[in-house]
Amino acid sequence: MTGPSQHPAQPLTHLDARGQARMVDVTAKQPTVRSATATGLVACPPAVVAALRDDSVPKGDVLAVARIAGIAAAKRTPELLPLAHVIGVHGAVVDLVVDDDGVRITASVRTADRTGVEMEALTAVSVAALAVVDMVKGLDKSVHIEHVRLEAKTGGKSGDWHRT
């Protein structure tokens with residue numbers, strides 16, 4: 001993995017000559033297949049984990065609601081992030097697994113478009129995590145979201161990247 005300190009200074013693509021925010025023009029780029037995977041955790045105390053495992057959360061099927069919320073969020077990312085491009089989200093999978101620490105979330109998003117889907121994958125994880133919190137907060141207010149991060153991306157001008 002390369003960090004910011006390992007890259008030479010590059011122009012900021014989301015700023016114009018006057019330093020004002022702008023949307024990058026990707027019109028001339030050719031569509032290519034791209035994907036991104038992000039992960040996160042909703043940390044839950046043992047009593048909430050037990051309720052998730054035995055399907056006794058009063059609001060209903062937490063994982064199903066969160067899965068649908070994450071997929072819907074991936075498709076609506078440009079509505080939330082003002083400089084994100086409207087792209088075709090051609091595939092979105094949101095997986096949620098209950099383990100001893102809480103709910104682990106993985107979102108994988110795919111497209112064949114002019115720009116990547118990293119923000120869509122991160123948005124899917126974030127909104128799925130928020131849905132979990134919303135569904136279980138009545139059981140314990142201490143639940144919280146941790147470690148939302150990009151794990152991998154493929155395609156595009158910058159090529160493939162995987163967290164190491």
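A salt bridge here is a side-chain nitrogen of Lys or Arg within 4 Å of a carboxyl oxygen of Asp or Glu. By that rule, K59, D134 and K137 are linked in a network of salt bridges.

Welcome to this predicted model, where local features need pLDDT of at least 70, side-chain atom pairs count only at pLDDT 80 or more, and totals for chains, interfaces and linings use all residues. Residues are numbered from 1 along each chain as its sequence is written, and side-chain values use heavy atoms, leaving out hydrogens and water.

Let us start with the sheet. Helices (H or I, at least four residues) and strands (E, at least two) are DSSP runs, numbered from the N terminus, and two strands pair if DSSP finds at least two bridges between them. Five strands make an open, antiparallel sheet in the order β2-β3-β1-β4-β5. At its edges are β2 (91–99) and β5 (161–162); each has a single partner strand, so one side of each lacks a neighbour in the sheet. Between β1 (residues 32–43) and β3 (residues 102–113) there are 12 bridges, and A38 has A107 in β3 as its bridge partner.

Now for the charged pairs. The whole structure holds eight salt bridges, including these three:

| Pair | Closest N to O |
|---|---|
| D100 and R53 | 2.9 Å |
| K137 and D134 | 2.5 Å |
| R149 and E151 | 2.8 Å |

D100, in the loop between β2 and β3, and R53, in helix α1, are 47 residues apart. Buried means under 20% relative accessible area, exposed over 50%, and partly exposed in between (1.4 Å probe, protein chains only). D100 is exposed at 59%, R149 is partly exposed at 39%, and E151 is buried at 19%.
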